[in-house]
Amino acid sequence: MSLALAHAATAPAQSTQVFILPTGTTTLPDAAAGDLSAAARQYVSAALADDQKLVHLNHFSHHHFFVVLADKPTAAQVAEQLRRAGHTLHGQLKTEKTAEVFIQNLSATPNAALLLAEGLALTAYQFEGYKTDEKSRKAPALKEVYLVGNAATAAQIHELNGLLQGVILARDLVNAPLNKLNAVQFAERMAQAGDEAGYTTDILDLAKIEALRMGGLLAVNLGSPEPPTFSILEYKPANAKNEKPYVLVGKGVVFDTGGLSLKPTPNSMDMMKCDMAGGAAVAGTLFALAKNQVPLHVIGLVPATDNRPGGLAYAPGDVITMHSGLTVEVKNTDAEGRLLLADALSFAKRYEPELVIDLATLTGAAVRALGTEASASMGTAEPATLQKLSEAGYTVHERLVEFPLWDEYADHIKSDIADLSNLGKGEAGHISAAKFLERFAVGYPWIHLDIAGPAFLTAPESYRGKGGTGTGVRLLYEFLTKHIA
């Protein structure tokens, strides 16, 4: 991780410091004044009285920043304001070429410094990329963020570091192009991450996938010159609290041309390296859980391939037999993600899971319904479980909107010649896709997350940045550690 978070007992003299002030602060508190001159105190107090939320005091050799908590109706909204303040603060620290900063929390919000640091660290993320010029390869000036005194405990900082590393892993995977991350390389990268964090990885190759008769994954892979993979990530600590595992399933289409139902290039196929963001989120979540030694048994399943129109590519009208034994008529080869997920969901039954959650950049319909501001959720889990996941989403600002899975939507995926069609009607495409998956998520509670909107951004947006956002990692970590465990 490019930006390290650590604890400090006190802030050294002549250091760059950030003070988080309570909502409504209009004069500089004594605890933040330190050895400031009378003129400096007057300047800051005047800015606070003018309702400025981020005040910068430049001492040339070092800097002081004062962040005022926003007056928001909910704790979740206050938390998001702090993350976004971290993003704004990062821009100023970058301009000043600051190497280290010390954060002190003078507000009544106990985790304010952690939230500000979270926004700073997520903003500081840079994909290493492939540029060769010296300027592009130069490391950023900001290296260390210290949380001072009782702003956070060492354990809290350690946990946040582990979580952020999981988000960064997911972002790195999503941002890598196909020629650097095919299905085999994707599986190997997840296995390497597991070796570092402490989860195990079993990579099923083509022969094993064929033996398991995963017809959906095999069909999508037919047009590719490269083999598919099916990765089983498992984190099972000796002190796991849950008897039955939580299973996370992630779509791993490393590039999606649409197959024979070819996508247009502008604003569509040209960014389809992100179509494995669900699989990346699963890997990032397992990484964070293992790195922080969370006492939960969690399994990740990531079926992976690219979807191309070459060779013996599957075609509209084909009928394929899935791992579960159900048959599917292919109406559109660009509705491929649900075929991979369906095989993984039926495979998940062997674990007798407590709960299965799948994540996928599955449909344009979810983007049209929600934009990049939220993900669509649906499922057969108890309403209380869905509510807990929604609450986790608000906590970390990876919000979910629940859509129905009424019986009538099954009519959208009927086929004249097979058990199911892989394509629904023009309307409610994100619901019919989930309705398709529901037929394979049998024997356990299940939640589907369509993250097509927020998983990859084409323009910078606060601390989410541009490109892969790592959507799903913070959500699932919060849900599994705070709302379920």
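Begin by selecting Ile103, Val145, Leu147, Phe186, Tyr199 and Leu449: within the largest nonpolar core, which has 94 residues, these touch the most other members. The model on display is a predicted one. Next, display a second core, separate from this one, whose 50 residues include Phe230, Leu301, Leu340 and Leu405.

Return to Phe186 and show its surroundings. Leaving aside residues up to four places away in sequence, phenylalanine 186 is in contact with Leu173, Leu181, Gly252, Val254, Met276, Gly279, Ala280, Val302 and Ala304.

**The open sheet**

Switch to a cartoon view and colour the sheet whose 6 strands run in the order 1-6-5-2-4-3, with mixed pairing. Its edges are strand 1 (4–8) and strand 3 (54–58), each of which pairs on one side only. On average, neighbouring strands in this sheet are turned by 20° against each other, direction ignored.

Now select residues 100–105 and 144–148, which are strand 5 and strand 6; they pair in the parallel sense over 4 bridges. Within this pair, phenylalanine 102 stands opposite tyrosine 146 of strand 6.

Two helices that pack on the sheet may be added to the view. Helix 2 (residues 38–49) touches strand 2 (17–21), strand 3 and strand 4 (63–68), and its direction makes about 160° with that of strand 3. Helix 4 (residues 112–124) touches strand 1, strand 2, strand 5 and strand 6, and its direction makes about 150° with that of strand 5.

**Salt bridges**

The structure contains 19 salt bridges. Select arginine 84 and glutamate 461, whose closest N and O atoms are 3.0 Å apart. Arginine 84 belongs to helix 3 (residues 75–95) and glutamate 461 to strand 19 (residues 456–461), so this pair ties together parts 377 residues apart in sequence. Both partners are partly exposed, arginine 84 with a relative accessible area of 32% and glutamate 461 with 22%.

Proceed to aspartate 275 and lysine 251, a salt bridge with its closest N and O atoms 3.0 Å apart. Aspartate 275 lies in the loop between strand 10 (252–256) and helix 10 (277–291), and lysine 251 in the loop between strand 9 (246–250) and strand 10. Here aspartate 275 is buried, at 3% relative accessible area, and lysine 251 is buried at 2%.

A further stop is arginine 308 with aspartate 306, where the closest N and O atoms are 2.3 Å apart. Arginine 308 is partly exposed at 26%, whereas aspartate 306 is buried at 2%.

Finally, select Glu80, Arg83, Arg84, Glu118, Glu398, Glu461, Arg464 and Arg474 together: salt bridges that share partners join them into one network.

Methods
Residues numbered from 1 in each chain as written. Predicted model: local features only at pLDDT ≥ 70, side-chain atom pairs only at ≥ 80, totals over all residues. Heavy atoms only, no water. Core = buried A, V, L, I, M, F, W, Y, C linked by side-chain atoms within 4.5 Å. Buried < 20%, exposed > 50% of the residue type's maximum accessible area, 1.4 Å probe, protein only. Contact = heavy atoms within 4.5 Å. Pairing = 2+ DSSP bridges. Axes fitted to C-alpha atoms, helices over the stretch in contact; angles between N-to-C directions. Salt bridge = Lys/Arg side-chain N within 4 Å of Asp/Glu carboxyl O.
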